[in-house]
Amino acid sequence: MTLAIGITVFVLAAFIGFEVITKVPPQLHTPLMSGSNAISGITLVGALLVAGRGDLLSGILGFLAVTFATINVVGGFLVTDRMLEMFGTRRRLSRRDGR
Amino acid sequence: MSEAATTLLYLVAASLFILGLKRLSSPVTARSGNLMGAVGMLIAIVVTLFRSGIVDYTVIVAGFLVGGTAGTILARRVEMTGIPQLVAAFNGFGGAASGMVAAAEFLADGSSATEIAVTVPLSCALGIATITGSFVAFGKLQGMIPGRPLLFRGQIIFDSALAAAVGGSGIRMASSGNRSALWLLIALAALLGVTRTLPIGGADMPVIVAFLNSMSGLAAASAGFVIGSEALIISGALVGASGLVLTAIMSRAMNRSLANVLFAAFGGDGESPPEGTGGGPVRRATMDDAAVTLAYARSVIVVPGYGLAVSQAQYGARDLTDRLADRGVEVRYAIHPVAGRMPGHMNVLLAEADVPYEQLLDLDQINDDFPRTDVALVVGANDVVNPAARDDPSSPIFGMPILDVDRAGAVIVVKRSLSPGFAGIDNPLFYRDTTLMLFSDARAALEGLARAVPTV
């Protein structure tokens, strides 16, 4: 991949990002942030390639990178799901009154 | 798997991210959108595991186990009031991972191709500054570091010099492939992340969390240039754009520029502001006065602020509004964009307490309704309802969009004391004839009102 193609892809994706994100209503901004945050854990792809190389230095950096990126991905998607579960369902009829 | 198949499957993953984000435009489809994003991520991970460059899986499995366990525990245990800290921490981890990927790539081959030479220092600096900045933000949100702006004399000059040194070591890395320049760059960027976040006041946290979100995306995108992965570039650009949009929205909601938020060291910590000077007599209400006013209203708009979140009063709010609805009162909530500690935070807290989201309206949707409303109940909010921001050009917060609660028939303000908000600005709302002040902790007040309303 050349630098020019990379920049092209980056700019086009950024435009898509702006278009999509501006349509998200304010009430969903927190799940949007934690969800997009989980997506930035895509760096896990790079971390895996580093960690799988087999030499010591790559192994150390790769372990840290895979661990951190996995926290980001797993935690990000899970916590977003937890929040959206509260938005989507009507638990009003269930208990949880009071508290 | 062939190169082409790998690339196309990454494209599928990226498309799922975009479609998933699109589905976040409605609370009804949002959860499935998040699931689509997770499926896209799973595809990207599985495809990567089959790539030829990977010869050793032990480190990978270890990382998956440690990271997966930690991520699951954190996501399950966190209280909804703690979401901003958690997102800040996750941003930091993502940024650090991107920085490490770039550093490992540099140390392994020191290639001098242009896109690598330029983007390695960039993603290292962005990634490392993101993690240290995020952890300072985490500390401030968690109350481990004082929320007030912390800065020293000449800090702007110091930070500028630091930034220049980061740039210098980046250029040295790019031009000569010098390894010690990498370690220097990492150390300097780490320090810069700390010194740039410490001066930011607790009340500005919504902006800075959004900004760090954007940085973690940009770090991922530049790591994508380093390893030649379109998947990282696309996803990083999406997140970078998303973070910037939210940063802009939050800055606008405070009527400040991003530069002003980052450099002006504005305000206190939002929780222990200086005592007010006072601007005349106020009308003090008892719990019963307030309950009567609410119970006999036809329409009530609740305006929650961060004080409500701090005292975990969202359940009390929901109880009270349910009781009012039982009496036939029309109840709605007006949510200012900076009502919580991160964009949209107040909506999450109220959703947690099962307040129906149809009752939650944002500033643009509800502001015209205040003149037709009998009672506005302000709980733990101050600057976002200060009429001076609208009417008094000499006010420091003049121009900040506010909720026009003063135009409602009556206003009940639940507040601990008369102290001004984070901006340290007195609020003329408190001294108006139509305003009743109920001095109390938010939770005690709302629970008390919920008990009192049915007995009226």
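Two residues are taken to be in contact if their C-beta atoms, placed from the backbone, lie within 7 Å, and this is the sense in which touching and packing should be read in what follows for this predicted model.

The sheet of chain B is a convenient place to start. It is an open sheet of six strands in the order β3-β2-β1-β4-β5-β6 (chain B), and the pairing is parallel. At its edges stand β3 (360-362) and β6 (435-439) of chain B, each with a single partner strand, so that one side of each is left without a neighbour in the sheet. From one strand to the next the twist averages 25°. Five bridges join strand β5 (residues 410-415) of chain B to β6(B) in the parallel sense, and within this part of the sheet Val414(B) stands opposite Leu438(B) in β6(B).

Helices of chain B accompany this sheet. Helix α11 (residues 287-295) of chain B lies across β1 (299-304), β4 (375-379), β5 and β6 of chain B, and runs at about 130° to β6(B). Helix α13 (residues 314-326) of chain B also packs on the sheet, where it touches β1, β2 (330-335) and β4 of chain B, and its direction makes about 175° with that of β1(B).

Elsewhere in chain B, two helices can be considered as a pair. Two packed helices are described by the angle between their axes and the distance between the axes. For helix α8 (residues 205-227) and helix α9 (residues 230-253) of chain B, the axes come within 7 Å and cross at roughly 160°; since angles over 145 degrees count as roughly antiparallel, α8(B) and α9(B) are therefore roughly antiparallel to each other. Their crossing is left-handed, and the contact of α8(B) with α9(B) comprises 18 nonpolar and eleven polar residues, with no charged ones.

Chain A, by comparison, is described by helices: it has four of them and zero strands, so that its elements, read from the N terminus on, run α-α-α-α. Of the 99 residues in chain A, 63% are buried. Among the contacts in chain A with a separation of 6 or more, 58% are made by residues 24 or more positions apart.

It remains to bring the two chains together. In the model, 98 residues of chain B are in contact with 80 residues of chain A. On the side of chain B that touches chain A, the largest share, 16 residues, comes from helix α4 (residues 83-109) of chain B, and the residues of that side divide into 62 nonpolar, 26 polar and ten charged.

Terms used. Residues are numbered from 1 along each chain as its sequence is written. Chains are lettered from A and ligands numbered from 1 in the order in which they are written. This is a predicted model: local features need pLDDT of at least 70, side-chain atom pairs count only at pLDDT 80 or more; totals for chains, interfaces and linings use all residues. Helices (H or I, at least four residues) and strands (E, at least two) are DSSP runs, numbered from the N terminus. A residue is buried if 20 or more other C-beta atoms lie within 10 Å of its own, exposed if 12 or fewer, and partly exposed in between; C-beta atoms are placed from the backbone. Axes are lines fitted to C-alpha atoms, for helices over the stretch in contact, and angles run from 0 to 180 degrees between N-to-C directions. Angles under 35 degrees count as roughly parallel, over 145 as roughly antiparallel, 65 to 115 as roughly perpendicular and the rest as oblique. A crossing is left-handed if the near helix is turned anticlockwise from the far one by less than a right angle, and right-handed if clockwise. Ala, Val, Leu, Ile, Met, Phe, Trp, Tyr, Cys and Pro count as nonpolar, Asp, Glu, Lys and Arg as charged, and the others, Gly among them, as polar. Two strands pair if DSSP finds at least two bridges between them.
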